[in-house]
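Q: Please take one part of this model and go through it closely. I would like to know how it is built, what packs against it and how it fits into the rest of the chain.

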Amino acid sequence: MDAETSGSKTRIEWSRILPEARDAMVQMERAWHKSGVSRTIMEIVKIRVSELNRCAYCLDMHTKEARSEGETEQRIYALPAWRETPFFTQKERAALAWAEALTHIAHSVPDALFDDLQQHLALSQI
């Protein structure tokens with residue numbers, strides 16, 4: 001069966017049913033690693049996007065990955081209120097703002113957010 005058991009719930013193994021989607025995600029992850037963006041930024045962005053998308057599976061996975069990379073509980077718990085906390089650098093704030101804007105793409109993505117992201121992460125190739 002194409003499902004895995006998590007506690008008392010059975011979940012579909014989407015990566016077996018949709019291998020093309022899995023492959024695309026793997027390629028995206030590889031490109032991200034080659035980009036020079038820090039692992040810390042990658043992990044907090046993944047957590048924040050998972051929060052916005054309300055994906056419990058992804059939140060569980062990405063918070064575990066972040067902890068294994070040394071991320072603190074304080075910063076993980078503060079992500080929903082990252083704008084109001086002193087725990088994140090300007091570079092991290094630019095990445096989080098950009099990720100939120102892209103996650104809510106149905107609204108519009110302001111040029112100022114991209115300019116700020118580019119200033120902090122030097123993404124001139126984009």
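A: Helices here are DSSP runs of type H or I with at least four residues, and they are numbered from the N terminus. The model is a predicted one. The part taken here is helix H4, with the loop before it and the helices around it.

First, the setting. The protein chain has seven helices and two strands, and their order along the sequence is β-β-α-α-α-α-α-α-α. Of its 126 residues, 29% are buried. The accessible surface of the chain is about 8300 Å², with 55% of that area belonging to carbon and sulfur atoms. Among contacts between residues at least 6 apart in sequence, 34% join residues at least 24 apart.

Helix H4 covers residues 56-68, 13 residues in total. At 1.5 Å a residue it should span 18 Å, and its end C-alpha atoms are 18 Å apart, so the expected and modelled spans agree. The buried residues in H4 are His-62, Thr-63 and Ala-66. Viewed down the axis of H4, the buried residues fall within an arc of 100 degrees, so they line one face of the helix. An α-helix has 3.6 residues a turn, so residues three or four places apart point the same way. Helix H3 (39-53) and helix H5 (73-78) are among the elements that cover the buried residues of H4.

On the H3 side, Glu-43 shows part of this packing. Glu-43 sits in helix H3 and has a relative accessibility of 1%; because the limit for buried is under 20%, it counts as buried. Apart from its neighbours within four places in sequence, Glu-43 is in contact with His-62, Glu-65, Ala-66 and Glu-69. His-62 and Ala-66 are buried residues of H4.

On the H5 side, Arg-75 is worth a look. Arg-75 belongs to helix H5 and is buried, with a relative accessible area of 12%. Leaving out neighbours within four places in sequence, Arg-75 contacts Thr-40, Ile-44, Phe-87, Phe-88 and Glu-92. Thus two charged-type side chains can be followed from the helices that cover H4: Glu-43 in H3 and Arg-75 in H5.

Next come the two ends of H4. Before it, Arg-54 lies in the loop between H3 and H4. Arg-54 has a phi near 55 degrees, a positive value in a residue other than glycine. At 78% relative accessibility, Arg-54 counts as exposed. Just after H4, Gly-70 also has a positive phi, of about 100 degrees.

The cysteines at the start of this region need a separate check. A disulfide is a covalent bond between the sulfur atoms of two cysteines. The sulfur of Cys-55 is 3.2 Å from the closest cysteine sulfur, in Cys-58, which is too far for a bond because the cut-off is within 2.5 Å. Cys-58 is therefore in no disulfide, its nearest cysteine sulfur being that of Cys-55. By this rule the count of disulfides is zero. Both residues are partly exposed: Cys-55 has a relative accessible area of 24%, and Cys-58 has a relative accessibility of 23%.

Finally, the helices around H4 connect to the largest nonpolar core. This core has 20 residues, and those touching the most other members are Ile-41, Val-45, Leu-79, Phe-88, Ala-95, Leu-96 and Leu-117. H3, H5, helix H6 (90-103) and helix H7 (111-121) each supply at least two residues of the core. H6 gives the largest share, six residues. Beyond its neighbours within four places in sequence, Val-45 is in contact with Trp-32, Ala-95, Leu-96 and Ala-99. Phe-88, one of the core residues named above, is also a contact of Arg-75.

Another residue of H6 is Thr-103, which is partly exposed at 23% relative accessibility. Beyond its neighbours within four places in sequence, Thr-103 is in contact with Val-49, Leu-52 and Asn-53. The C-alpha atoms of Thr-103 and Arg-48 are separated by 9.7 Å, although the two residues are 55 apart along the chain.

Methods:
Residues numbered from 1 in each chain as written. Predicted model: local features only at pLDDT ≥ 70, side-chain atom pairs only at ≥ 80, totals over all residues. Heavy atoms only, no water. Expected span 1.5 Å × (residues − 1). Buried < 20%, exposed > 50% of the residue type's maximum accessible area, 1.4 Å probe, protein only. Arc of directions from axis to C-beta. Contact = heavy atoms within 4.5 Å. Areas by Shrake-Rupley, 256 points an atom, 1.4 Å probe, with all protein chains shown as cover. Core = buried A, V, L, I, M, F, W, Y, C linked by side-chain atoms within 4.5 Å.
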